[in-house]
Amino acid sequence: CGCGCDDVTVTVADNTILDAAPVCPLGRSWFGDGRLPDAVLSDGQATTLEQAVSTAAATLISTRGRCLVYLGLDLSSQAQRRALDIADFLKATVDSDTSETAANGLLAAQRRGRAGATLGEIRNRGDVFLFWGVDPTDHYPRFLERYSVESSGTHVPEGRAGRDIIGVSVGADRSLTGANSSLELEITEEITALSLLRAVVAGAGIPESPLAARLRDIAERLTRARYAVLVHDAEPTTEPRNVLRIEGLVALTQALNGPTRAALCSLRAGGNRVGAEAVLTSQTGYPFAVDYSRGYPRYQPERRGMIRLQSGGLRSALVVGSPPVATTGSALSSVPTVAIGPRASQAAFTTRVAIDTGVAGIHEDGVAYRMDEVPLALRPPL
């Protein structure tokens, strides 16, 4: 996940990972034993690296201006930068593994602004936590232990005993169990509830109802906090997400920064997804959906690269990093595709060229970004 835990000790023998501790189930699965396929394929047949690179280059250059460069997972930020250099040269459209999942949050931040904080600040200062439709235990197993509820902070040395925890479940998106108080909302009530909370924080009156009374209590507890933290899951869940959820949470957090200090903590998955957005922003000015086809970067969030590929607007693709899932792979099979990254030879789509590489953080060094956009140096054990 995007916690990027940096306290893990990895035991290695004979270039194989034997153990990793302390590590959660997600971390143990990610590390595995460190073994990966090491193949170089052209049209499904083994070939030399030099021949594969030549074939890949010829394939991509022949479709210059109508090419997709897709940033997958498990890449260092340095590798992401090199991929963007290639995209610039090819006048390509750039898409990434985060474009579909993070688009609503990124667009909301561009409209509303942001009210974030590092995980270290949240751990050290947060004394009232509101978990909105998320239980981190499932997808971010060490978040509670290392960065929030259970950790001791410089301003909250008592840890869990010094914190007020509020859980709000939204439809099937269940909140943290064991909270000091909890509230269950229907999907249809979510945006209204966020608006009412913001109204109370701003000192406005709200219509009386049983729900309003509960929300007034939550708003008052957040306002009394020395440092309030609102936690939500920025990744897709089983529950269809209202596109206005993130905007409502940003607005509420900004309103809380009047009477007190507050931060919005957006939980993100791993694989250096956040790094891809940081690299794209630093090199193009835009966090995703970048189009170089006119010779300079343009921002087209409504016409992202994968959408254009599915509609037949592009003629080839370069996939760097771990191959995307099968649902995306069907579109990649429709054009000549070059895949370079961990397990590229096992991609769920047809490849013209596939070159296996190591995983950033396991086999390769570099830099990757934590979910709070803090860059961390990678120390590969293999």
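Trainee: What does a search of the whole structure find in the way of disulfides, and how do you know?

Mentor: The search finds 0 disulfides, where a disulfide is a pair of cysteine sulfur atoms within 2.5 Å. Take Cys5: the nearest cysteine sulfur is that of Cys3, 5.2 Å away, and Cys5 is in no disulfide. Keep in mind that this is a predicted model, in which local features need pLDDT of at least 70, side-chain atom pairs count only at pLDDT 80 or more, and totals for chains, interfaces and linings use all residues. Residues are numbered from 1 along each chain as its sequence is written, and side-chain values use heavy atoms, leaving out hydrogens and water.

Trainee: What rules out a bond for Cys24?

Mentor: The closest cysteine sulfur, in Cys1, is 6.0 Å from the sulfur of Cys24, so the distance is too far for a bond.

Trainee: Why is Cys5 called partly exposed, and why is Cys24 called buried?

Mentor: Buried means under 20% relative accessible area, exposed means over 50%, and partly exposed is in between (1.4 Å probe, protein chains only). Cys5 has 26% relative accessibility, so partly exposed is the right label. Cys24 has a relative accessible area of 14% and therefore counts as buried.

Trainee: On to the rings: what makes Trp30 and Phe31 an edge-to-face pair?

Mentor: The whole-structure search finds 4 aromatic pairs. In the pair of Trp30 and Phe31, the ring centres are 5.0 Å apart and the planes stand at 70°, so the pair is edge-to-face. The criteria are centres within 6.5 Å for rings of Phe, Tyr and Trp (its six-membered ring), with planes under 30 degrees apart counted as stacked, over 60 as edge-to-face and the rest as tilted. Trp30 is partly exposed because its relative accessibility is 37%, while Phe31, at 13%, is buried.

Trainee: How do you know that Phe288 and Tyr299 belong in that class too?

Mentor: Their centres are 5.7 Å apart with 85° between the planes, which is edge-to-face. Phe288 sits in the loop between helix 11 (273-284) and strand 12 (290-291), and Tyr299 in strand 13 (residues 298-299), so the pair ties together parts 11 residues apart in sequence. Helices (H or I, at least four residues) and strands (E, at least two) are DSSP runs, numbered from the N terminus. Phe288 is buried, because its relative accessibility is 1%, and Tyr299 is partly exposed at 23%. Ring pairs link Tyr286, Phe288 and Tyr299 into a cluster.

Trainee: Where does Ala103 sit, and what does it touch?

Mentor: Ala103 is in helix 4, and a relative accessibility of 4% makes Ala103 buried. Not counting residues up to four places away in sequence, Ala103 touches Thr98, Phe288 and Arg304; contact means heavy atoms within 4.5 Å. Its C-alpha is 9.8 Å from that of Ala234, although the two are 131 residues apart in sequence.

Trainee: How do you know that the span of helix 4 is close to the expected one?

Mentor: Helix 4 (residues 99-112) has 14 residues and reaches 19 Å from its first C-alpha to its last, close to the expected 20 Å. The expected span is 1.5 Å times one less than the number of residues. The buried residues of helix 4 pack against strand 6 (93-96), helix 10 (245-256) and helix 11. Just after helix 4, Gly113 takes a positive phi of about 95°.

Trainee: And what makes a group of residues a nonpolar core?

Mentor: They must be buried Ala, Val, Leu, Ile, Met, Phe, Trp, Tyr and Cys residues joined through side-chain atoms within 4.5 Å. The largest such core has 32 residues, and Trp132, Val168, Leu222 and Leu230 touch the most other members. Helix 8 gives the largest share of this core, 7 residues. A second, separate core of 24 residues includes Ala56, Leu60, Val290 and Val338.

Trainee: What does helix 8 pack against?

Mentor: Its buried residues pack against strand 7, strand 8, strand 9, helix 9 and helix 10. Among those buried residues are Leu194, Leu197 and Val201. Just after helix 8, Gly203 takes a positive phi of about 85°.
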